[in-house]
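Student: Could you take me through one part of this structure slowly? I'd like to look closely at a sheet and whatever packs on it.

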Amino acid sequence: MDEGSSIRLYLVPTPIGNLKDITLRALDVLKEADVILAEDTRTSGKLLKHFDIRRPLESYHIHNEHKNVSRILDRMADGMVFALVTDAGTPGISDPGFLLVRESIAAGFEICSLPGATAIIPALVNSGLPNDRFVFEGFLPHKKGRKTRIESLISESRTMVFYESPYRLLKTLQQLSEAFGPERQACVSREITKLHEENIRGSLIELLNYYQEHTLKGEIVLTVAGKE
């Protein structure tokens, strides 16, 4: 970090699998921040230990962020510099971060989001589907609003990117097949950057049949072609 910088909050992407994917700049920020805010201190603690980073680590997640924001802003006003990390990937992308960013900006503090690891772009590029225009939908609602969200995407012409749990992938493939048609092309990307990375491409019905016979593990990104 630069001496005399007015930045009070750094958003620091962390590896989604392969530890070599962390950037040199991210390591510098983590080494110099006054406090590291972590989604899970146990997970982030392992990362910091691997890189021999010894900075105060505090918990910051979806269950405590609302009550912690004002206290963090007060400490920023005192000149403290925070680095926010999540378990993996870029803070704020289907992970805690948006609220703290919004409130920090509203309070007049400078923030800096570092470039780095995220599962969205590797999965999109690997899919072989058009990537000049795409829409990121994150996780579909588990129950309430799920059908409505899917129906709202029926006429979407851009490539769609979803995050999904291995426990709900079959349900999602089935529902998307019914809404978009079974021949709509898609790709399931699993364990991105890890030893057993896998990208399975085909129609929605082909993917559904494939994963009815193959065990699912790990984090999943589902990329689906838009309507022609």
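Tutor: Sure, here is a walk through one sheet, strand by strand, and then its helices. Keep in mind that this is a predicted model, where local features need pLDDT of at least 70, side-chain atom pairs count only at pLDDT 80 or more, and totals for chains, interfaces and linings use all residues. Residues are numbered from 1 along each chain as its sequence is written, and side-chain values use heavy atoms, with hydrogens and water left out.

Our sheet is an open one, built from five strands in the order E6-E7-E10-E8-E9, with mixed pairing. (Strands are DSSP runs of E, at least two residues, and helices are runs of H or I, at least four, numbered from the N terminus; two strands pair if DSSP finds at least two bridges between them.) At the edges sit strand E6 (134-139) and strand E9 (198-203), each pairing on one side only. On average, neighbouring strands here are turned by 15 degrees against each other, direction ignored. (Axes are lines fitted to C-alpha atoms, for helices over the stretch in contact, and angles run from 0 to 180 degrees between N-to-C directions.)

Now zoom in on E7 (residues 159-164) and E10 (residues 220-224): five bridges join them in the antiparallel sense. Find Val161, and you'll see Thr223 of E10 opposite.

Next come the helices. H7 (residues 169-180) packs on the sheet and touches E7, E8 (185-190) and E10, where touching means heavy atoms within 4.5 Å. The direction of H7 makes about 10 degrees with that of E10. Helix H8 (residues 204-213) also packs on the sheet, touching E8 and E9, and its direction makes about 130 degrees with that of E9.
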